[in-house]
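Trainee: Could you take me through one part of this model in detail, with the pockets as the starting point? I would like a connected account rather than a list.

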Amino acid sequence: GDWSVYDGPSGKALATLHAGDSFTVEARDGMLVSSGGPVPSVRGPLIARATDSDAFVGFDGHRYRGEIGIAVANDGVSVINRVGMEDYLRGVVPLEIGTDRTAIESAAVEAQAIAARSFAYTRMDDSRPYDMLATVADQVYGGVDAERPLSDAAVAATHDMVMMYDGRVINAPYHSNSGGVTAAASEVWRSGDEPYLVSVSDRIPGTDHYYGEDSPRFRWTRTLSGSDLASLLERYLPQYSSAQRGRVGTLRKITATGRTPSGRVAGLVFETDRGRFTVRGNDVRFVLRTPGGDILPSTLFTFDESTDSRGRVTQLTINGSGNGHGVGMDQWGAIARARAGQDVMTILHTYYPGTTIGREM
């Protein structure tokens, strides 16, 4: 359909375009410089907006509802999709809970919609030109191309519904799989506990099984060689400890500082010939990556190290459970609970105890 490009500060229409038309801009000397096409070079920001009600604007091969803003940023060009909350959630929920969910799992999809909506409202921030990043740093968002009928129905069925505690919308974190027990907020992050973010067992009552055990990361193993560890510690340890880049030294020993109430590693001490360096809680996941950069699935793990005759660590084997930070809703657990017949409120009150449901408009 038809769409137009506007000058952000003045609202003046700069160009009218049609389906299939496109334009390209780059940041140059504080300007948005157009590379051909009908859009002039301006200081910006530019606003691209569909003029037909059933049309979308696109960026980088993906379609989005609402409008797209383009502005000069410190590191190039910033692209921001300005969209209503309910349409935003249509592009979030399927990517967060899974695009292949089925009708029997609808309660889990609705729980995801309410959790994601609550999380988003607590991220509203007028001090910056956007509220949410479109990645796992906040919530994964894919616009129109991510939308699915089941998740669209879940968003519609829970329209404006949010979780609340003591009269306020709550920060509602969630994760892929808890490994059998979720974590309180203080076990993972440098923050105090919230009464609704406490450790919750995901064990199926009367059994030795867990709701989330169908997750491919319910149990996992990672093995790192001595050379892998040397490269990882040199690159990441200075970011998460007192180690100095280029002065990490040769790894001699790894010890845990203790266990949190849910059984997670509270922190690790890396002893080298240059000193002892402590990495706390969830930061451990960002140090013990794969050589390709994938972070450790969780901090619910045990480990064994091997050393050579000179006392150097030659291999680290990690046996773990779960995937994600472990706080709030276990998504695989929620899916299994929905399959078992639990409704959306039961799921939410399990993972966020003491909360109520309200509406944010």
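Mentor: In this predicted model, the second largest pocket holds about 780 Å³ of space. Of the 28 residues that line the second largest pocket, those closest to its centre are Val136, Ala137, Asp138, Tyr174 and His325. Helix 2 (93-97), strand 12 (174-175) and helix 7 (284-287) are the elements that each give two or more residues to this lining. In chemical character, the lining of the second largest pocket divides into 12 nonpolar, nine polar and seven charged residues.

The largest pocket can be described in the same terms, with about 1000 Å³ of space lying in it. Its lining is made by 34 residues, and the closest to the centre of the largest pocket are Ile80, Asn81, Arg82, Pro129 and Tyr130. Here the elements that give two or more residues to the lining are strand 8 (67-73), strand 9 (76-82) and helix 1 (85-90). The lining of the largest pocket consists of 22 nonpolar, five polar and seven charged residues.

From the pockets we can turn to the charged side chains, among which the count comes to 21 salt bridges. Several of these are joined up, since Arg65, Asp87, Arg90, Glu147 and Asp152 are linked in a network of salt bridges. As for individual pairs, Asp125 forms a salt bridge with Arg128, with their closest N and O atoms 3.6 Å apart. Asp125 counts as partly exposed because its relative accessibility is 25%, and Arg128 is likewise partly exposed, with a relative accessible area of 30%. The side chains of Arg312 and Asp308 also meet in a salt bridge, at 2.8 Å from N to O; Arg312 is partly exposed at a relative accessible area of 30%, and Asp308, at 24% relative accessibility, counts as partly exposed too. Glu271 forms a salt bridge with Arg276, the closest N and O atoms being 3.0 Å apart, and in that pair Arg276 counts as exposed because its relative accessibility is 55%, which is over the 50% cut-off.

The remaining feature concerns nonpolar side chains at the surface, where Phe59, Val77 and Val79 make a nonpolar patch of about 210 Å². Phe59 lies in strand 6, which covers residues 57-59, and with a relative accessible area of 39% Phe59 is partly exposed.

Conventions:
Residues numbered from 1 in each chain as written. Predicted model: local features only at pLDDT ≥ 70, side-chain atom pairs only at ≥ 80, totals over all residues. Heavy atoms only, no water. Patch = residues over 30% accessible without salt bridge, like charges linked within 9 Å, V, L, I, M, F, W, Y side chains within 5 Å. Areas by Shrake-Rupley, 256 points an atom, 1.4 Å probe, with all protein chains shown as cover. Salt bridge = Lys/Arg side-chain N within 4 Å of Asp/Glu carboxyl O. Helix = DSSP H or I, 4+ residues; strand = E, 2+ residues; numbered from the N terminus. Buried < 20%, exposed > 50% of the residue type's maximum accessible area, 1.4 Å probe, protein only. 1 Å grid on protein atoms, 1.4 Å probe; cavity = no way out; pocket = protein on both sides within 12 Å on 5 of 7 lines; lining within 4 Å. Points joined across faces, edges and corners; volume = space filled by probe spheres on them. Nonpolar A, V, L, I, M, F, W, Y, C, P; charged D, E, K, R; others polar.
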